[in-house]
Amino acid sequence: MWRVALALLTLGWSVTGVAQTQTVEQKAAACAACHGEKGVPVDKAFPVIWGQHQGYLFLQLRDFKAGARKNDFMQAVVAELSRDDMMALAEYFSKKPWPDLRQKSATDAEAAVANRVNVSIGCTGCHLGQYQGDATVPRLAGQQHDYLLKSMRDFRSRARANNPGMTDLMKATAEADFEPEANFLAGH
Ligand code: HEC
Ligand code: HEC
């Protein structure tokens, strides 16, 4: 976690005056402490942001800033970012290649659960074929397993309340299906 502490220190330094003159690359460097130098997050519960869709990335930064989505790390990060910074960072990270986390493929049983859930809820109606997402709908394929699981649980419990539609869908999904679903998406 020392790298996380360092990142927050770096951010603290960067916002006390230098921020205005920093390029987007310099601002993005602070993100690497948690989201990874090569796009592989440093913690299993931290999401991949490299190659995620631009519109989605921007909306999440905006939601953290507005407090509609809560996370101590991210709220500290966005506190000093302007709307233009968030737009530039969203564009910057969306153009990076999605990293290969080398997560294991789902078992047949896990895939069967995910397919059943998809038939009843229609995940791919929004997250699209192969769970690739687009625009403001996030890519789920190859996302970190622990983060996917946490996100589904957070929507369900409203710990993440920035999208009531996803909360309703996760309430309509059996909690026992979350783990196989996360395995399926992570290994997709
Ligand atoms: C101190 C660690 C830390 C730093 C530094 C950090 N993040 Fe994060 N970020 C997180 C964590 C943890 C989450 C997941 C929060 C949750 O579980 O809801 C997150 C989530 C996000 C998300 C939402 C992703 C999704 O799939 O919903 C975006 C976008 C994001 N961060 C962008 C950034 C950007 C851009 C920077 C640099 C300006 C940055 N982060 C710096 C820890 C960090
Ligand atoms: C009606 C469209 C729709 C459907 C159907 C849908 N989703 Fe979503 N999902 C979204 C949107 C939009 C978001 C981004 C919400 C936000 O802005 O925070 C999202 C976010 C997520 C996230 C968080 C991703 C991240 O990076 O934080 C997960 C996980 C997820 N959906 C899983 C599912 C699963 C599993 C299903 C099927 C059981 C499903 N979704 C069905 C629209 C949908």
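## Exercises around two ligands and a core

In this model, 22 residues surround ligand 2, and the closest are Cys123, Cys126, His127, Tyr147 and Met166; a residue counts as near if one of its heavy atoms lies within 4 Å. The model is predicted, so local features need pLDDT of at least 70 and side-chain atom pairs pLDDT 80 or more, while totals for chains, interfaces and linings use all residues. Residues are numbered from 1 along each chain, chains are lettered from A and ligands numbered from 1 in the order written, and side-chain values use heavy atoms, leaving out hydrogens and water.

**Exercise 1.** Find the helix that gives the most to the shell around ligand 2, then list polar contacts to this ligand.

*Solution.*
- Step 1: Helices are DSSP runs of H or I with at least four residues, numbered from the N terminus. Those that supply at least two shell residues each are α3 (54-66), α6, α7 (123-127), α8 and α9.
- Step 2: Of these, α8 gives the most, with five residues.
- Step 3: A polar contact here is a pair of N or O atoms within 3.5 Å. Polar side-chain atoms of Gln60 and Tyr147 lie 2.9 Å and 2.6 Å, respectively, from an oxygen atom of ligand 2. His127 places a polar side-chain atom 2.8 Å from a nitrogen atom of the ligand.

**Exercise 2.** Work out which residues coordinate the iron atom of ligand 1 and name the geometry of the site.

*Solution.*
- Step 1: Donors are N, O and S atoms within 2.8 Å of the metal (3.2 Å for Na, K and Ca). His35 (NE2) and Met74 (SD) coordinate the iron at 2.0 to 2.2 Å.
- Step 2: His35 sits in helix α2 (residues 24-35) and Met74 in helix α4 (residues 72-78), so this pair, 39 residues apart, links distant parts of the chain.
- Step 3: Six donors count as octahedral if opposite ones are over 155 degrees apart and all others between 65 and 115. With angles of 87 to 180° among its six donor atoms, the site is octahedral.
- Step 4: Buried means under 20% relative accessible area (1.4 Å probe, protein chains only). His35, at 11%, is therefore buried, and so is Met74, at 14%.

**Exercise 3.** Describe the largest nonpolar core.

*Solution.*
- Step 1: Such a core joins buried Ala, Val, Leu, Ile, Met, Phe, Trp, Tyr and Cys residues through side-chain atoms within 4.5 Å. Among its 19 residues, Tyr131, Leu148, Met170, Phe184 and Leu185 touch the most other members.
- Step 2: α6 (108-121), α8 (145-157), α9 (164-171) and α10 (178-186) each give two or more residues, and α10 gives the most, with five.

Conventions: Buried means under 20% relative accessible area, exposed over 50%, partly exposed in between (1.4 Å probe, protein chains only). Four donors count as tetrahedral if all angles lie between 85 and 135 degrees; four count as square planar and six as octahedral if opposite donors are over 155 degrees apart and all others between 65 and 115; anything else is irregular. A polar contact is a pair of N or O atoms within 3.5 Å; within protein, one must be able to donate a hydrogen and the other to accept it, and residues adjacent in sequence count only if both atoms are side-chain atoms.
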